[in-house]
Amino acid sequence: MPKIKFTIITLFEEALRPYLEASMMWKAAEKGLAEFEFVNLRDFGLGPHKSVDDTPYGGGDGMLLRCEPVFAAIESVKEKDPSAKVILPTPAGHLWTQNYAKKLAKIGESTAPAHYIILCPHYEGYDERILKLVDHKISLGHYVLTGGELPALIIIDSVVRLVPGVLGGETSAEIESFSDNENELIEFPQYTKPADFRGDKVPEILLSGHHQKVDEWRKAHTKKALD
Ligand code: ADE
């Protein structure tokens with residue numbers, strides 16, 4: 001059983017696959033630490049055109065995701081795993097943070113593998129009644145995207161990298177030691193070879209091999225995220 005599973009309900013699987021099938025997400029799946037599954041919302045569409053959206057009551061621009069296909073798609077996943085939790089990317093959600101990612105990664109908990117269903121809305125929005133199915137409403141920031149696919153990838157990436165074994169040999173306890181603060185977001189300047197690039201030299205101290213001095217230098221040069 002993987003440590004974490006994401007079932008992504010979307011109309012645009014082809015937009016998600018390339019990212020999940022490359023680099024660290026691919027490796028996490030190869031190692032059996034993460035599993036990614038797709039459900040095509042269109043399969044649950046209505047009528048001969050497999051329609052998934054309609055116009056809003058009361059008027060207004062654009063189309064909204066209808067309840068029936070969304071409920072049927074989520075129910076089909078929950079039938080197999082009633083413990084799966086539903087994530088809805090929406091600009092009206094809780095702001096996505098490193099601490100939220102840690103919560104969903106269940107770092108330090110030795111419970112059953114976590115299974116999240118991410119419902120990717122498209123069009124102008126969704127029928128409000130689908131919120132009855134949602135456990136986590138997540139906003140990626142104060143801007144509006146055309147759909148939930150990019151937020152889904154960001155949520156998946158930031159959670160999967162926290163699963164012990166995905167990045168390297170770190171233990172869950174080591175990751176947990178960051179969990180009370182935002183230390184993980186703090187960075188210090190780093191350099192690799194060459195030591196002199198067009199006259200721009202790497203600070204001497206980093207070439208010294210003196211670990212304590214290197215640590216002190218890094219502490220003194222930590223950067224906070226910009227506003
Ligand atoms: N869907 C559209 N815009 C979004 C945002 N900023 N965050 C999450 N989901 C979205």
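Two strands count as paired if DSSP finds at least two bridges between them. The structure in these exercises is a predicted model.

**Exercise 1.** State in what order the strands of the open sheet lie, and find which strands stand at its edges.

*Solution.*
Step 1. The open sheet has 5 strands, and reading across it gives β2-β1-β6-β5-β8. Their pairing is parallel.
Step 2. β2 (34-40) and β8 each have a single partner strand, so they are the edges, and one side of each has no neighbour in the sheet.
Step 3. From one strand to the next, the twist averages 30°.

**Exercise 2.** Describe how β1 and β2 pair.

*Solution.*
Step 1. Strand β1 covers residues 4-10 and pairs with β2 over 7 bridges, in the parallel sense.
Step 2. For one position in this pairing, take threonine 7: glutamate 37 in β2 stands opposite.

**Exercise 3.** Determine which strands helix α3 lies across and which strands helix α4 touches.

*Solution.*
Step 1. Helix α3 (residues 67-80) lies across β1, β2, β5 (85-95) and β6 (114-119). Its direction is at about 165° to β6.
Step 2. Helix α4 (residues 98-105) packs on the sheet and touches β1, β5, β6 and β8. The angle between the directions of α4 and β8 is about 150°.

**Exercise 4.** Locate tyrosine 143 and decide whether this residue is buried, partly exposed or exposed.

*Solution.*
Step 1. Tyrosine 143 sits in the loop between β8 (136-139) and α5 (149-160).
Step 2. Buried means under 20% relative accessible area and exposed means over 50%. Tyrosine 143 has 43%, so this residue is partly exposed.
Step 3. Together with Leu145 and Leu150, Tyr143 makes a nonpolar surface patch of about 290 Å².

Conventions: Residues are numbered from 1 along each chain as its sequence is written. This is a predicted model: local features need pLDDT of at least 70, side-chain atom pairs count only at pLDDT 80 or more; totals for chains, interfaces and linings use all residues. Side-chain values use heavy atoms; hydrogens and water are left out. Patches are made of residues with over 30% relative accessible area and no salt bridge: like charges are joined within 9 Å, nonpolar side chains (Val, Leu, Ile, Met, Phe, Trp, Tyr) within 5 Å. Accessible areas come from the Shrake-Rupley method with a 1.4 Å probe; for residues, only the protein chains shown count as cover. A salt bridge is a side-chain nitrogen of Lys or Arg within 4 Å of a carboxyl oxygen of Asp or Glu. Helices (H or I, at least four residues) and strands (E, at least two) are DSSP runs, numbered from the N terminus. Buried means under 20% relative accessible area, exposed over 50%, partly exposed in between (1.4 Å probe, protein chains only). Axes are lines fitted to C-alpha atoms, for helices over the stretch in contact, and angles run from 0 to 180 degrees between N-to-C directions. Contact means heavy atoms within 4.5 Å.
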